[in-house]
Amino acid sequence: MKAWKSLLTVFAVGAASLITSGMGSAQTPKPNQFWWPEKLDLSPLRQHAVESNPLDKNFNYAKQFATLDLNAVKQDIKKAMTTSQAWWPADYGNYGPFFIRMAWHSAGTYRTFDGRGGADGGQQRFDPLNSWPDNASLDKARRLLWPVKQKYGQKISWGDLMVLAGNVALEGMGFKTFGFAGGRVDEWEPDLVYWGPEKKWLGDERYSGDRMLQKPLAAVQMGLIYVNPEGPNGNPDPLAAAKDIRDTFGRMAMNDEETVALIAGGHTFGKAHGAHDPGKCLGPEPAAAPVEKQGFGWENKCGKGNAGDTITSGLEGAWSATPVQWSSQYLDNLFAFEWVKTMSPAGATQWVPANNQGTNLVPDAHDPSKRHAPIMFTTDLALKEDPAYREIAQRFRKNPEEFRLAFAKAWFKLTHRDLGPRARYLGKEVPAEELIWQDPLPKAGAVQVTAQDVAALKAKILASGLTVPELARTAWASASTFRGTDMRGGANGARVRLAPQKDWAVNNPAELAKVLGRLESIQQEFNKTAAGGKKVSLADVIVIGGNAAVEQAAKSGGSVVQVPFKPGRMDATQAQTDVNSFAVLEPAADGFRNYYPAGLAQSPAELLVDRANLLRLTVPEMTVLVGGLRALNANTGQTAAGVFTSRPGTLSNDFFVNLLDMSTKWSKSGAVEGVYEGHDRATGQLKWTATPVDLIFGSNSELRAVAEVYAQSDSKEKFAQDFAKAWAKVMNSDRFDLR
């Protein structure tokens, strides 16, 4: 593990130089978290503000992409790929493997538990990803692509360009890809993501018990995309590495077959770089490099500093004799040789064929007079030693076309998993085949319901015996699964009626079944009797019911609101719903419904902010939704916590009025952990119960300021209108067809 320790030293030095460079001067403002580390951080709800975006507010990326000559872009990428630059010479005269690694690492940060990471947004341009140890030298890959980006401007985003470059690289080296979709809209500041608890690069503090990886993390160490190629914490044990691989790749949405295909397909190309000891040769990463380096990190002072002297992982060598041509030779070599441990020039553990076999098999990347033996990582040998991986790898070896197709589909999934449903896909290379991981939906019907139909449906729903709280809880359960991180979930598809969502405790399964049964009866009656072939989906009826509940509740509170509605949602089938894939959408907690199971790693207030961030809500939107949902009595299990009103089911600002009323004195409950009691200061009578999430709107100074706005006597109408807008935003979060 010497090479990784050397890299750690490099990054520690880089961090130290950053601190002493003037960026951390004595006059730098300190955030409130500096003084009060436990203070609730609301910054996740303020990121990616319009003020950070240099583009016009009316900029429409989809329209710009539609004007792009994709073939011309691909030709320019191919030219850049095969034109070696003196400042960073191409291995084997071809940057293809380098571009594949760039695309892979751009997309490979994706993780299933919270949908964060991935290529959408072009986040690899920003720190910390720009300066991660595992991304060493990828700053050069993007510099090589800059002339292409400069030429086509905003017609293609960095997120799309990096993925497209990976596809062009594969195609240019003889591989038939599965397809490509544009649609990744660039972001303009780093995304706030919890990448792990460690305070040092390549640290490992994320496991407990029998190597149980902390959720929502996927990578094994801070600053790695996947797993340590030398084995767990540098332990060269292929079977232990296989355990890490299966866990990590599984958390990045890959099954065993996809995992083998990706590793074998990816390592068909290119080489690893570890020509020297990084601790002696490498300068700081881009974020810590001096200003005159212009973001050019990892400057190498050994040898020529590049080409044959390049250092990235610290491992050194290539896997096959054709590193810039598609083949199945990686698998052939894996099984043809017995492999023995050796050390790279940088001191990293890797493997070579026993008894000096294959000595002259692999060409040198820069000197045609030299030949080398192939190499393998410990993680490569995991495919040979793990029984399940071995069976798949041997089958791929015997069936090259099956291997090719498996890698093509796995690569497409890797680079498109976080893009969301196919409704967001752009371009002429979008595959015709619809895949289960894309959360497919039936095509929308040509004849949609009218405003008059919607009004009639609302009337029938309100007359059905279903209550305002029941309708609101059901609509929220359906729509609030949306994640703006990977664009999954939401009301479209009505998957709330399918496994696994119908059985989630947070959704009140018994009540949910009752409400959905009545709504389905109303839907079926409409579809039987409607003129002109009009049909309405249950997904639309669920949202119509929630909207009707909000409007009725506002009317009871003395306000008239009209929740905007657009038909067109469709109903997914169980066959179109991957139960395991949708299981990760189950909320660990939902502060909007005051739902908090025991044993949570984060505080209820932090989990509320995280849930609001996934829903892409602002601080005011989160605030008004919590207050309104409490007034609507929308808590899971109809618990009374936070329902600060004598008229539950009425949309009122009572939550804020009573929360800020100084006649109430709050204290922790002596009977129930995590519950607070509000007693009348004068009589001592119990008035309300609350959770920490309810009380945070009075205790946190920033949230209290917003709560005060909604508690004011002249804000009753504003509260109702703002709630309706925020409600509609959640209901329509997954309506990409409307954007």
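Student: Quick one to start: is K151 buried or exposed?

Tutor: K151 is exposed, with a relative accessible area of 57%. Keep in mind that this is a predicted model.

Student: OK. And which side chain does K151 meet in a salt bridge?

Tutor: That would be D76, with N to O at 2.8 Å. D76 sits in helix α4 and K151 in helix α6, so this pair ties together parts that are 75 residues apart in sequence.

Student: Why would two side chains pair like that?

Tutor: Side chains of opposite charge can pair when their charged atoms come close.

Student: How many salt bridges turn up in the whole structure?

Tutor: A search finds 40. One of them links E401 and R404, whose closest N and O atoms are 3.0 Å apart. These two are three residues apart in helix α14, which means about one helical turn separates them.

Student: Are E401 and R404 buried or exposed?

Tutor: E401 is partly exposed at 48% relative accessible area, while R404 is buried at 15%.

Student: What about the salt bridge of D737 and R735?

Tutor: Their side chains meet at 2.9 Å, N to O. D737 is partly exposed, at 47%, and R735 counts as buried, at 1% relative accessibility. Elsewhere, R111, D114, R116 and D610 are joined into one network by salt bridges that share partners.

Student: Switching topic: how many disulfides are there?

Tutor: The count comes to one. It joins C281 to C302, with S to S at 1.9 Å. The torsion about the S-S bond is about -85°, so the disulfide is left-handed.

Student: Where do C281 and C302 lie?

Tutor: C281 is in helix α10 and C302 is in the loop between α10 and β4, so the pair ties together parts 21 residues apart in sequence. C281 counts as buried at 3% relative accessibility, and so does C302 at 17%.

Student: Now the nonpolar core. Which residues touch the most other members of the largest one?

Tutor: V73, I77, F99, L145 and Y330, out of 100 residues in that core. Its largest share, nine residues, comes from helix α7. Apart from it lies another core of 82 residues, among them V541 and W727.

Student: Last thing: which residues of helix α24 are buried?

Tutor: L703, V706, A707 and Y710 are. They cover an arc of only 100° around the axis, which puts them on the same side of α24. The buried residues of α24 pack against α21, α22, α23 and α25.

Student: And what caps the N-terminal end of α24?

Tutor: N700 does: one of its side-chain oxygens lies 3.0 Å from the backbone nitrogen of E702.

Conventions:
Residues are numbered from 1 along each chain as its sequence is written. This is a predicted model: local features need pLDDT of at least 70, side-chain atom pairs count only at pLDDT 80 or more; totals for chains, interfaces and linings use all residues. Side-chain values use heavy atoms; hydrogens and water are left out. A nonpolar core is a set of buried Ala, Val, Leu, Ile, Met, Phe, Trp, Tyr and Cys residues joined through side-chain atoms within 4.5 Å. Buried means under 20% relative accessible area, exposed over 50%, partly exposed in between (1.4 Å probe, protein chains only). Helices (H or I, at least four residues) and strands (E, at least two) are DSSP runs, numbered from the N terminus. The arc is that of the directions from the helix axis to the C-beta atoms. Contact means heavy atoms within 4.5 Å. A polar contact is a pair of N or O atoms within 3.5 Å; within protein, one must be able to donate a hydrogen and the other to accept it, and residues adjacent in sequence count only if both atoms are side-chain atoms. A disulfide is a pair of cysteine sulfur atoms within 2.5 Å. A salt bridge is a side-chain nitrogen of Lys or Arg within 4 Å of a carboxyl oxygen of Asp or Glu.
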